[in-house]
Amino acid sequence: MNPPCGRCKKPVYPTEKINCLDKYWHKGCFSCEVCKMALSMTNYKGFEKKPYCSMHYPKTSFTIVTDTPENLRLKQQSMLNSQALYKEDFEKNKGKGFSVVVDTPEMQRVKKTQDQISNIKYHEEFEKSKIRSDAPPPENRQDYEEQPSNPDRFRQPAGQMHPAAVAPPCGVKRYQALYSYTAAEADEVSLLEGDLILDVEPIDEGWVFGYNQRTGQRGMLPANYVRPV
């Protein structure tokens, strides 16, 4: 039995049959729904199982929704729900993806030492960038390096009271602090810029032993933090 035509509903014979848009058409009936222009399998456009030409092909239009009080309320509720979900997800994932390092006394000491090393390097680079001819080399270093270095002999017992600051005797070599320095160990001496340091002796590469006249403390301090006066 021959199927009916999609337009005229008459039987479509095999010799004139066009199978398109899930229907069978006569060649003369396969035309645009609007202008009735004859179409072929290469130039038609289908919409809702009906053939159209390019000129009259229906264009999709969007529906504009009015911002009624109810729509505004739903919009605000949706935003609040989104914020609540974001906050809940943030709380669940907080602390994941990274490790928390406990701030132990040892970690604080290491961090403080690293900061001081960085500060020393910064001052060294700053001094190198300046053209200075008034900084004499440290004296008596060669004589001292011939003796074995033993920093432990300069360490003071814990809890020992520091001697009171006294005026330096005549002829004692005096040094002055160029920068402030905070002691990181018990055997080190803290400095403030301008402090007078007496009895300075080199004990190791980059370190000297001296007596801070302001605080009365004896101990090690960075060699590039002081200069002779």
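Select Tyr 175 to begin: setting aside neighbours within four places in sequence, Tyr 175 is in contact with Asp 195, Leu 196, Ile 197, Val 200, Val 226, Arg 227, Pro 228 and Val 229. Contact means heavy atoms within 4.5 Å. The model is predicted, so local features need pLDDT of at least 70 and side-chain atom pairs count only at pLDDT 80 or more, while totals for chains, interfaces and linings use all residues. Residues are numbered from 1 along each chain as its sequence is written, and side-chain values use heavy atoms, with hydrogens and water left out.

**Strand β5**

Now select β5 (174-177). Strands here are DSSP runs of E with at least two residues, helices are runs of H or I with at least four, and both are numbered from the N terminus. Tyr 175 and Ala 177 make up the covered face of β5, and Arg 174 and Gln 176 the uncovered one.

Add β6 (196-204). It is joined to β5 by 3 bridges, and the two strands run antiparallel. Across this pairing, Tyr 175 stands opposite Ile 197.

Next add β9 (226-228). Between β5 and β9 there are also 3 bridges, again antiparallel. In β9, Gln 176 has Arg 227 as its bridge partner, and Ala 177 has Val 226.

**The whole sheet**

Widen the selection to the open sheet of 5 strands, whose order is β8-β7-β6-β5-β9, with antiparallel pairing. Two strands pair if DSSP finds at least two bridges between them. Which strands stand at the edges? They are β8 (218-222) and β9; each has a single partner strand, so one side of each is left without a neighbour in the sheet. From one strand to the next, the twist averages 50°; axes are lines fitted to C-alpha atoms, for helices over the stretch in contact, and angles run from 0 to 180 degrees between N-to-C directions.

**The cores**

Select Tyr 175, Leu 191, Ile 197, Val 200, Leu 221, Tyr 225 and Val 226, which have the most contacts inside the largest nonpolar core, a set of 13 residues. The elements giving two or more residues to this core are β5 and β6. A nonpolar core is a set of buried Ala, Val, Leu, Ile, Met, Phe, Trp, Tyr and Cys residues joined through side-chain atoms within 4.5 Å. Buried means under 20% relative accessible area, exposed over 50%, and partly exposed in between (1.4 Å probe, protein chains only). A second, separate core has 9 residues, including Leu 21, Trp 25, Cys 32 and Leu 39.

**Asp 195**

Go to the loop between β5 and β6 and pick Asp 195. Is Asp 195 buried or exposed? Its relative accessible area is 6%, so Asp 195 counts as buried. Its side chain makes a polar contact with the side chain of Arg 214 at 2.9 Å, and another, of 3.2 Å, with that of Asn 212. A polar contact is a pair of N or O atoms within 3.5 Å; within protein, one must be able to donate a hydrogen and the other to accept it, and residues adjacent in sequence count only if both atoms are side-chain atoms.

**His 26**

Move to strand β2 (residues 23-26) and select His 26. With a relative accessible area of 10%, His 26 is buried. The side chain of His 26 reaches the backbone oxygen of Pro 11 at 2.9 Å.

**Zoom out**

Show the whole protein chain, which has 3 helices and 9 strands. Of its 229 residues, 21% count as buried.
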